[in-house]
Every structure is written in C-alpha cells, then in structure tokens.
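Let's take a walk through a protein, helix by helix. Have a look at the picture first, then read on.

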Amino acid sequence: MSDPASGSPVERPTSGRKLPRGLPGAIAVTALLALYVWQIAGRGVSMMRTGEPVLIAIGLGVLIIPLLVIGLIAKEYWLAATVQKMADTLFAEGNLPVDDLPRSPGGRIDRAAADEAFEPYRVAVEAAPEDWRARYRLAFAYDAAGDRRRAREALRHAARLFRA
C-alpha cells in the first residue's frame, strides 16, 4: 500500500498478535478428523438402518466414536483458547514468562539449567496454590525440564483457576 500524497510505501499497523505457529496444522488435522468422523458416523447409521439387532448394536457403538472425538477436539480447542487468554493477560501485565534458558547448538534446552530454573516456580505454586499465574509459569518450567505430562497437567489446572 502506498501513501496517495507522496507515493511512498506505508506500513499497515499490526495488532501485535501473531497467528499461533501450530494453528494451521491443528486446523488441517481437525478437518481430516472431521472427514473421518463423518465417514464413521455414516457407517454407523447405515448399520442401524438394516434392522438387524446385532448391526443396530454395532452401529450404536460405532456412533459413540465420533461423539468422543468431537468432545475431545472441543476440549482441546477450549484449552488452547484459555491458554491464549492467559498469555494475553500476562503479556498485558508485563509478566509473560521469558524463555532465556541456555540451549545446545541443536536448540535443546540445557537440562541442568532447566532443572535449576524449575525450583522457584514450584515454590511459588506451593506458596499460592490457587494462583493461575504461578501454575501457568510452572507449566512452562515443566515443559522446559522435559516433563510434558506434568506441563500439560499444570496448564489444565491453571486454565481451570483462570476460568473460575
């Protein structure tokens, strides 16, 4: 875009918020999963229309799968939206955690540094167990330390506290 008066280029203002890196991939996988769910649901309905008691029972069982998939996907998107709101809140407050841990030439976080940096976050959660901010930071400390299961658990807990 250019300035009509001078003809020189004019930069558009940005909102300051970028699209999450994983969003296009998540949308693509969700679309493929939706096609799969549609096919499975169609098979279940076809089985139920036969009138055969065994096929009706199997068809009902098959229809449960799409419902579970839809529920799990909705739960994950809801968590992602909540985590983004938490990050936006922390950013606005100037308290968003910064990943400044030393890394190897390949990009891996130095395990000893991650373990050392973890302790203050754990202590903060023990001091304020109902503070979503402390849980949020703890989740990213777990992630840096390589414990993805606990990171996810802490993030889910932080999201529940944030929503409350």
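Start with the inside of helix H1: its buried residues are Val37, Ile40 and Gly44. What covers them? The cover of the buried residues of H1 includes helix H2. Keep in mind that you're looking at a predicted model.

**The overall plan**

Before going further, here's the big picture. The protein has five helices and zero strands, so to speak an α-α-α-α-α pattern when you read along the sequence. Of its 164 residues, 21% are buried. Take the contacts between residues at least 6 apart in sequence: 50% of those join residues at least 24 apart.

**H1 against H2**

How do you describe two helices that pack together? You give the angle between their axes and the distance between the axes. For H1 (residues 23–49) and H2 (residues 53–93), the axes come within 7 Å and cross at roughly 160°. Since angles over 145 degrees count as roughly antiparallel, that makes H1 roughly antiparallel to H2. The crossing in which H1 passes H2 is left-handed.

Who touches whom here? From H1, the residues in contact include Ala26, Ile27, Thr30, Leu33 and Val37, and they also include Ile40, Gly44 and Met48. On the H2 side you'll find, among them, Leu55, Gly59, Val62, Leu63, Pro66, Val69 and Tyr77. Sorted by class, this H1 and H2 contact has 20 nonpolar, three polar and no charged residues.

Let's zoom in on one residue, Gly44, which is found in helix H1. Is Gly44 buried or exposed? Its relative accessible area is 0%, and buried means under 20%, so Gly44 is buried. If you leave aside its neighbours within four places in sequence, Gly44 is in contact with Gly59, Val62 and Leu63. Gly44 and Leu55 are eleven residues apart in sequence, and their C-alpha atoms are 8.7 Å apart in space.

**Checking the helix lengths**

You can test a helix with a bit of arithmetic, at 1.5 Å a residue. Here's how three of the helices come out:

| Helix | Number of residues | Expected span | C-alpha to C-alpha, end to end |
|---|---|---|---|
| H1 | 27 residues | 39 Å | 38 Å |
| H2 | 41 residues | 60 Å | 61 Å |
| H3 | 17 residues | 24 Å | 25 Å |

For H1, the distance between the end C-alpha atoms agrees with the expected span. H2 agrees with its expected span too, and the reach of H3 (residues 111–127) is close to what's expected.

What comes after these helices? H1 is followed by Gly51, with a positive phi near 85°. After H2 comes Gly94, and its phi is positive as well, near 80°.

**What H2 keeps inside**

Now look along H2. Its buried residues are Gly59, Val62, Pro66, Val69, Leu79, Thr82, Val83, Met86, Ala87 and Leu90. Which helices help to cover the buried residues of H2? The cover includes H1, H4 and helix H5 (148–163). You've already met H1, so let's turn to the other two.

**H2 with H4**

The axes of H2 and H4 (residues 132–144) come within 11 Å and cross at roughly 105°. That makes H2 roughly perpendicular to H4. In this contact, Val83, Met86, Ala87, Thr89, Leu90 and Glu93 of H2 meet Trp132, Arg133, Tyr136 and Arg137 of H4. By class, you get six nonpolar, one polar and three charged residues.

**H2 with H5**

H2 and H5 pack with their axes 10 Å apart, at an angle of about 75°. An angle of 65 to 115 degrees counts as roughly perpendicular, and therefore H2 and H5 are roughly perpendicular to each other. On the H2 side, the contact includes Lys75, Glu76, Trp78, Leu79, Thr82 and Lys85. These residues belong to a set that meets Arg152, Leu155, Arg156, Ala158, Ala159, Phe162 and Arg163 in H5. Counted by class, the contact of H2 with H5 has eight nonpolar, two polar and six charged residues.

**A last stop at H3**

Which residues of H3 are buried? They are Ala113, Ala114, Phe118 and Val125. H4 is included in what covers them.

Key:
Residues numbered from 1 in each chain as written. Predicted model: local features only at pLDDT ≥ 70, side-chain atom pairs only at ≥ 80, totals over all residues. Heavy atoms only, no water. Axes fitted to C-alpha atoms, helices over the stretch in contact; angles between N-to-C directions. Helix = DSSP H or I, 4+ residues; strand = E, 2+ residues; numbered from the N terminus. Parallel < 35°, antiparallel > 145°, perpendicular 65-115°, else oblique. Left-handed = near helix turned anticlockwise from the far one by under 90°. Contact = heavy atoms within 4.5 Å. Nonpolar A, V, L, I, M, F, W, Y, C, P; charged D, E, K, R; others polar. Expected span 1.5 Å × (residues − 1). Buried < 20%, exposed > 50% of the residue type's maximum accessible area, 1.4 Å probe, protein only.
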